[in-house]
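Here are a few exercises to work through with the model open beside you. Try each task before reading its solution.

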Amino acid sequence: MSVEHDISLISSKNIHEALNRDYYDTEQFCINRHGYWLKGDEAKKILEQQTDAGHEKISPDTLHALLKSDIIFPVLHGTCGEDGTMQGLFDVFSKAYVGCDHRSAAICMDKELSKRLAMDAGLPSLPFVGFNRHQWETSKEEIIHQINDKLTYPVFVKAVHLGSSIGIHKVSDPSLLSGAIMESFRVDDRLIVENGLENVREIEFSLLGNNNPEVFPPGEVYAEGNVHDYDSKYGLNPAKAAARFDTIAKLSEEKIAEGMALAKAVYQTLGCSGMARIDTFLDANGKYWFNEINPIPGFTKFSLYPLMCEANGLPLADLIDRLIVLGLHRRRQLDRLEVTK
């Protein structure tokens, strides 16, 4: 069960409500907290958070309905949904779906791997130290020495495979580093500790497309050097959330163009398709740094991906139409390949 289950429910509800019923006949599916698949009325109850029941992992009737779908829109944030596992299942069934394929989704949801690939491509990303639980348990002092030698405080301890700011801790005092690392190991078995920046701006980009993605002008998150936390991201405290971002960042045209070029380069380097939100840092010297990428960004009423698209002339219903077309187009291209027949 993903720790981002509740956010997936909110996002999926908003997407379903925005669908143009003149174009689509829909079937709702839900995977509950224990991994059971439901559809129809049972799924709607889950989406309304009225029940969490389930009797079998996936019934023949539910699987049949899934396979009858022309296209699947996975709204599954975090592990076992955003990380390529579900996309791989759909690829096995040769089903069209919205968003990145299984390869790029897996890469994007691995903060360490995505940063290494970006850096190998010459794209700026902040220095970091990566390690797993076993390495920490057997070489703790060596890792701490490496962090203190390579990085500058404050540093950020990050769970590698999670989103929604889960498992992320800012550490300004070296004596608190070990405690923050142990906290992050509660939710993931691999971490990175990343160099922090002072007086940094958090600039985010929405991207849409397959081979030649469209990049929308960015928005900005006002985290003031702290972690843009779970409550702020998803409107669990609406007053706090609304005050923490702008859908259109206050930047010069030249700086916007520079950031859009970086975002597009990251998207293409990581093999993305369909959509992604790319988060960057803009330092006090005016230099962009790639932070992370989200292959299934949030679709809540306080999520920057759809809000930035809407601020630039693409409302949610039209955005969904575009995403569906992109998913169908990619599947048709794959079906032309001999190895998929």
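**Exercise 1. Decide whether tyrosine 23 is buried or exposed, then classify its ring pair with tyrosine 24.**

Step 1. Use the cut-offs: buried is under 20% relative accessible area, exposed is over 50%, and partly exposed lies in between (1.4 Å probe, protein chains only). Tyrosine 23 has a relative accessible area of 56%, so this residue is exposed.

A word on the source: this is a predicted model, in which local features need pLDDT of at least 70 and side-chain atom pairs count only at pLDDT 80 or more, while totals for chains, interfaces and linings use all residues. Residues are numbered from 1 along each chain as its sequence is written, and side-chain values use heavy atoms, with hydrogens and water left out.

Step 2. A pair of aromatic rings is described by the distance of the centres and the angle of the planes. Rings of Phe, Tyr and Trp (its six-membered ring) pair if their centres lie within 6.5 Å; planes under 30 degrees apart count as stacked, over 60 as edge-to-face and the rest as tilted.

Step 3. The structure holds seven aromatic pairs. In the pair of tyrosine 23 and tyrosine 24, the centres are 6.0 Å apart and the planes stand at 80°, so it is edge-to-face.

**Exercise 2. Find out why cysteine 100 makes no bond with cysteine 272.**

Step 1. A disulfide is a pair of cysteine sulfur atoms within 2.5 Å.

Step 2. The closest cysteine sulfur to that of cysteine 100 belongs to cysteine 272, and because it is 3.9 Å away, it is too far for a bond. By this rule there are zero disulfides.

Step 3. Now compare accessibility: cysteine 100 is buried at 2%, whereas cysteine 80 is exposed at 53%.

**Exercise 3. Describe the hairpin of strand 13 and strand 14.**

Step 1. Strands (E, at least two residues) are DSSP runs, numbered from the N terminus. Two strands pair if DSSP finds at least two bridges between them.

Step 2. Strand 13 (residues 274-282) pairs with strand 14 in the antiparallel sense, over six bridges. Leucine 282 faces tyrosine 288 of strand 14 as its opposite residue.

Step 3. Five residues lie between the strands, and glycine 286 in this hairpin takes a positive phi near 80°.

Step 4. Check the cover of strand 14 (residues 288-294): seven of its seven residues are buried. For the protein, 51% of the 341 residues count as buried.

Note on methods. Helices (H or I, at least four residues) and strands (E, at least two) are DSSP runs, numbered from the N terminus.
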